[in-house]
Amino acid sequence: MKKHGVLITVLFALSVSLISISAIFLEFYKLNKKQYIDHIFTKYSVVTQIYTEHQQRQTSETMLDANLAVYKMQIVKKEEEQKAVLDKGIILKREGLESLSASLMYDGNGFYAQNKVTKLRATMIQYKKIIYFHIQTKNAGILIKDEQLTPYNYLNIMYAFSTIFMIISASFILVLQKLRPLIRLRRKIALFGDGDMQISFKTSSCDEIGLVSNELESTREKISTILESRTLFLRNIMHELKTPIAKGTIATQMLDSQKQRKRFSSIFNRLEALVTEFALIEEVTSIDDKRDFNEYRLIDIIDGAIDMAMVERDVVSVDIPSDKKLHANYRLYTTAIKNMIDNAMKYSTDGHINILMRNEELYFESRGECLSQPLSYYIEPFTKENPSKNSFGLGLYLVDSILKAHGQVLAHEYEDGVNRFIFA
């Protein structure tokens, strides 16, 4: 979810916008339709007036038809049509009312006015796109077809809604199209972070994302140039150092004094060890892919580390499941374990190390004094607990660098006189 936060936000905004627009138009449609029906329903007053006068004056059907024809109306006389309209028609509106009419009467005292109240119920019905008025009294009823009125037409509102809907959708689609290069850019940055130095960020786009991509491409080229220069420099300098060291080692054997031979041999051996460690550091820090990583049994890696450390088997106790496997660079991970063995041999009080596994973490335990500084001090290059010891202070720095290349960390704890280093 977090990886696609911008995309989800845009889609959420699109959904909210479309739902809101749909709800607004739905309410507008209902209100507009109601207003239209209320407006055309007022015509029923004309119908009721004509029908009331017809009943009061007892005029002929022909006269009633003629009066209704003036208003583009006609009486539905076919029983089949009447039944179909009343049974299947959609009732748009219905109202009951009382109609008041006055008539002049005469008796022995003279003329007088007589008021007559007639109860009516008017119903407006839609059937097959035609509007009908059904007028009912207590004793009679009549169904009238209006040839002038038309049912409510929602096409105009539908057209407006569709237009706005399409405009909003198209706008968000354009936004998503603009975000696609950003998604591709994120993937390229992830590949670059994983060590793919050949990935290209270059793009022909001139928008903000394109400018960022081209700036990243320029930065990538600069970083690649710096890394290539650094690698070339380190490899050349190590190559140039190895030649005089080899010559010095040979020349040392020609010295007459045994004391001098031993002293110079020690110097050249230390120089050669230093160059070897520098080569390992260069290899660890320049890992740009995982092609050299394979699956190995952890017990086999530990056996290789013991052989590399050139120590007796009885000084290393190993308690590792034989089926435990690890995806690693064999040479580098073996070197990390070898450095932990060397470290235990130099600083433990009994010259013994236990290698075991707990909760999927690799433990290196040896008896000795607690570290005088935090672990972060010792994983810096050229730092060591005892300057008199025969080391360059690169052992734990190398271990930490190798573990980072394998997605692990180095930890330390001290308990009951035991130093415990952990590959977690």
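1. Helices here are DSSP runs of H or I with at least four residues, strands are E runs of at least two, and both are numbered from the N terminus. With that in hand, G407 sits just after α11 and takes a positive phi of about 75°. Bear in mind as you read that this is a predicted model.

2. A quick overview before the details. The protein has eleven helices and twelve strands. Of its 424 residues, 35% count as buried. If you take the contacts with a separation of 6 or more, 62% of them come from residues 24 or more positions apart. My notes below stick to one sheet and the helices around it.

3. The sheet is an open one with five strands, in the order β7-β9-β10-β12-β11, and its pairing is mixed. Strands β7 (316-319) and β11 take the edges; each has a single partner strand, so one side of each has no neighbour in the sheet. From one strand to the next, the twist averages 20°.

4. At the β7 end, β7 and β9 run parallel and are joined by four bridges. One pair to click on there is D319, whose bridge partner in β9 is L356. Helix α8 packs on the sheet and touches β7, β9 and β10, with its direction at about 175° to that of β7. Helix α9 packs on the sheet as well, touching β7, β9, β10 and β12, and its direction makes about 175° with that of β12.

5. At the other end, β11 (residues 410-415) pairs with β12 in the antiparallel sense, over six bridges. A411 has I422 of β12 as its bridge partner. The two strands make a hairpin with two residues between them, and D416 in that turn has a positive phi of about 55°.

6. What does the side chain of N419 pair up with? N419 belongs to strand β12 (residues 418-423), and its side chain makes a polar contact of 2.9 Å with that of H412. N419 counts as buried because its relative accessibility is 6%, under the 20% cut-off. Apart from residues within four places in sequence, N419 is in contact with F364, E365, S366, G368, E369, C370 and L371, and also with H412, E413 and Y414.

7. The loop between β9 (353-358) and β10 (361-367) deserves a look at the backbone angles. N359 lies in this loop and has a positive phi of about 50° without being a glycine. E360 is placed in the loop between β9 and β10 too, and its phi, near 65°, is again positive in a residue other than glycine. For background, most residues other than glycine have a negative phi. Buried or exposed, then, for N359? N359 counts as exposed because its relative accessibility is 73%, and the cut-off is over 50%. E360 counts as exposed at 58% relative accessibility.

8. Back to the helices, with L298 as a handle on α8. L298 is located in α8 (residues 298-309), and at 3% relative accessible area L298 is buried. Setting aside residues up to four places away in sequence, L298 touches I320, K324, K325, L326, Y333, M357 and L362. Take I320 from that list: L298 and I320 are 22 residues apart in sequence, yet their C-alpha atoms are 7.7 Å apart in space.

9. How do α9 and α11 cross? The axes of α9 (residues 330-347) and α11 (residues 395-405) come within 9 Å and cross at roughly 145°, and the crossing is left-handed. From α9 the contact uses L332, Y333, T335, A336, N339 and M340, and these meet G395, L396, L398, V399, I402 and L403 of α11. Sorted by class, that contact has nine nonpolar residues, three polar ones and no charged ones.

10. A last point, on α11 by itself. How many of the eleven residues of α11 are buried? Nine are, so to speak of α11 as mostly covered is fair by the 20% cut-off for buried. The buried residues are L396, Y397, L398, V399, D400, S401, I402, L403 and A405. D400 and S401 are among these buried residues, and the α11 residues that meet α9 include L398, V399, I402 and L403.

Technical notes: Residues numbered from 1 in each chain as written. Predicted model: local features only at pLDDT ≥ 70, side-chain atom pairs only at ≥ 80, totals over all residues. Heavy atoms only, no water. Axes fitted to C-alpha atoms, helices over the stretch in contact; angles between N-to-C directions. Left-handed = near helix turned anticlockwise from the far one by under 90°. Contact = heavy atoms within 4.5 Å. Nonpolar A, V, L, I, M, F, W, Y, C, P; charged D, E, K, R; others polar. Buried < 20%, exposed > 50% of the residue type's maximum accessible area, 1.4 Å probe, protein only. Polar contact = N/O pair within 3.5 Å; in protein donor to acceptor, adjacent residues only side chain to side chain. Pairing = 2+ DSSP bridges.
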